[in-house]
Amino acid sequence: MELLNIKNLDLAGKKVFIRCDFNVPMDEFGNISDDRRIRSALSTINYCLDHGCAVVLASHLGRPDGQVVAKYSLLPVARRIHHLLKREVALAQDVIGEDALSRAAALKSGEVLLLENLRYEEGETKNDAELSRKLASMADFYINDAFGVSHRAHSSVEGITHYFDNKHKAAGFLLQKEIEFLGKIIQNPVRPFAAIIGGSKVSGKLEALINLLPRVDKVLIGGGMAFTFLKKLGYDIGASLVEDDLLEEAGRVMQEATKLGVKFYLPVDVVAAEKFSEDAISKLVSVQEIPEGWMGLDIGPATVRLYREVLSDVQTVLWNGPMGVYEMDRFARGSNKIANFVADSYATTIVGGGDTADLVQRIGVDDEMTFISTGGGASLELLEGKILPGVASLMIEED
Ligand code: AMP
């Protein structure tokens, strides 16, 4: 299966609808605090403009739940695109209303129109066919560049694709890159291939872990999820995060790893704290010695050394999920040290998931990674081996 490629479309001088992911974080005054998602859409937008297209942009922002809510207006996004593109960007007053449709119809080559927040329409998240049809009616071509929502069957992501044939729709550059890195590298990695899996719970990443096991050589577990595995192995984990209902499943994962010859690593020491708080009393302990009532909130230095050793010969690293409660400085050292090590390595390094992306940015090593996936939920579903609804309809059989 191959993704329909924007470069194969004959779109010069035509009208193009680009579904973007402009769901950017904003502060309480409505200022965009991180415009990475807007910047990452620029290559596709510029490609279309360079080909003389008229460009209709569409995105959701937050969760207005089908209502027009002023604080979720895309006005700040329109201003930022204008600033970045150095070109006029008109913001429609609605999504598929009179204003949007008439502006889209009048749009000329080189002009850019941004529709209002797609989720002002309650049909968007219901994959409403009428909404898809009206959105599709605005352009000759459809481009999906919104990886972050491609795991959702929404009107502007899935439904709309049925109104365009294979010569009139494609993945944008960002979507292409995401699928390329996460999909293809996982299918065909340069070995040894290690997956570092962390974060809060086993439940959130269980499917991904099961799907990855037959593909990787090593799995390194960190974060809260480690304690379910440790408990299954008989350790006394104190008050650490645990999912008792997943103990059996955790056991099966470890057995499967052994069967497949996959090296499965768990922390050997942790930073344990009396309570879940930045000012808690804490100490370094081996996983055999977590005091009663204390909780492990970060991996310890022995684990960091072990994981560095284990990672030293790998050629491909996939990292999803922090090693500890990285939001609190006290419990961020394990994640930071692993991040620096991964960043310095010569391996192909792929970081997925919102928290992990956030943590590598915080310590400024994001540029050192080969690829950082922009979509949290979508990247996890790809790791789970699922075909994303928004991507499925942009695939063609290879000859
Ligand atoms: P996830 O969304 O599953 O990737 O989990 C990310 C969250 O896991 C972050 O907010 C971390 O603070 C949290 N986390 C990581 N390690 C631990 C831990 N040992 N105990 C509790 N929460 C943790």
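This passage describes strand pairing, nonpolar cores and salt bridges in a predicted model.

Strand β3 (residues 54-58) is a convenient place to begin. Two strands pair with β3 in the parallel sense. Strand β2 (residues 15-19) is joined to β3 over 5 bridges and runs parallel to β3. Within this pairing, I18 stands opposite L57 of β3. Strand β5 (residues 112-114) also runs parallel to β3, and 3 bridges join the two. Here L57 has L114 of β5 as its bridge partner. Residue L57 is therefore placed opposite I18 in β2 and is bridged to L114 in β5. Strands of a sheet pair through backbone hydrogen bonds, and the pairing may be parallel or antiparallel.

The accessibility of β3 was examined next. Of the 5 residues in this strand, 5 are buried, so β3 is largely enclosed by the rest of the structure. In a regular strand, side chains alternate between the two faces of the sheet. In β3, A54, V56 and A58 lie on one side, while V55 and L57 lie on the other, and all of these residues are buried. Both faces of β3 are thus covered. Together with β2 and helix α1 (residues 36-50), β3 makes up a β-α-β unit, and this unit is right-handed.

A further sheet is open and is formed by 3 strands in the order β12-β11-β13, with antiparallel pairing. Its edge strands are β12 (282-286) and β13 (295-299), each of which pairs on one side only. On average, neighbouring strands in this sheet are turned by 40 degrees against each other, with direction ignored. Strand β11 (residues 269-273) is joined to β13 by 4 bridges, and the two run antiparallel. In this pair, V270 stands opposite I299 of β13.

The nonpolar interior was then considered. The largest nonpolar core has 51 residues, and F147, L182, V219, I221, F229, F264 and L318 touch the most other members. At least two residues of this core come from each of α5 (173-187), β8 (193-197), α6 (202-212), β9 (218-221), α7, α8, β11 and α12 (376-383). Helix α5 gives the most to this core, supplying 6 residues. For L182, contacts beyond the neighbours within four places in sequence are made with F147, L318, I350, S373, S379, L382 and L383. A second core, separate from the largest one, has 33 residues, among them C48, C53, I81 and L91.

Residue T356 gives another example of a buried position. This residue lies in helix α11 (residues 354-362). Its relative accessibility is 1%, and because buried means under 20%, T356 counts as buried. When neighbours within four places in sequence are left aside, T356 is in contact with W319, N320, G321, P322 and V351.

Salt bridges were the last feature examined, and the structure holds 17 of them. Three are described here as examples, beginning with the pair R39 and D35. Their side chains meet at a distance of 2.6 Å, N to O. The two partners fall into separate accessibility classes: R39 is partly exposed at 42% relative accessibility, whereas D35 is buried at 12%.

A second salt bridge is formed by E130 and R133, with the closest N and O atoms 2.7 Å apart. Both residues lie in helix α4 (residues 129-136), at a spacing of 3 residues, or about one turn of the helix. E130 is partly exposed, with a relative accessible area of 38%. R133 also counts as partly exposed, at 38% relative accessibility.

In the third example, the side chains of K232 and E248 meet in a salt bridge of 3.4 Å, N to O. This pair links distant parts of the chain, with K232 in helix α7 (residues 226-232) and E248 in helix α8 (residues 247-260), 16 residues apart. K232 is partly exposed at 32% relative accessibility, and E248 is partly exposed with a relative accessible area of 49%. Elsewhere, D35, R39 and R80 are joined into one network by salt bridges that share partners.

Note on methods:
Residues numbered from 1 in each chain as written. Predicted model: local features only at pLDDT ≥ 70, side-chain atom pairs only at ≥ 80, totals over all residues. Heavy atoms only, no water. Pairing = 2+ DSSP bridges. Axes fitted to C-alpha atoms, helices over the stretch in contact; angles between N-to-C directions. Salt bridge = Lys/Arg side-chain N within 4 Å of Asp/Glu carboxyl O. Buried < 20%, exposed > 50% of the residue type's maximum accessible area, 1.4 Å probe, protein only. Core = buried A, V, L, I, M, F, W, Y, C linked by side-chain atoms within 4.5 Å. Contact = heavy atoms within 4.5 Å. Right-handed = clockwise from strand over helix to strand, strands pointing away.
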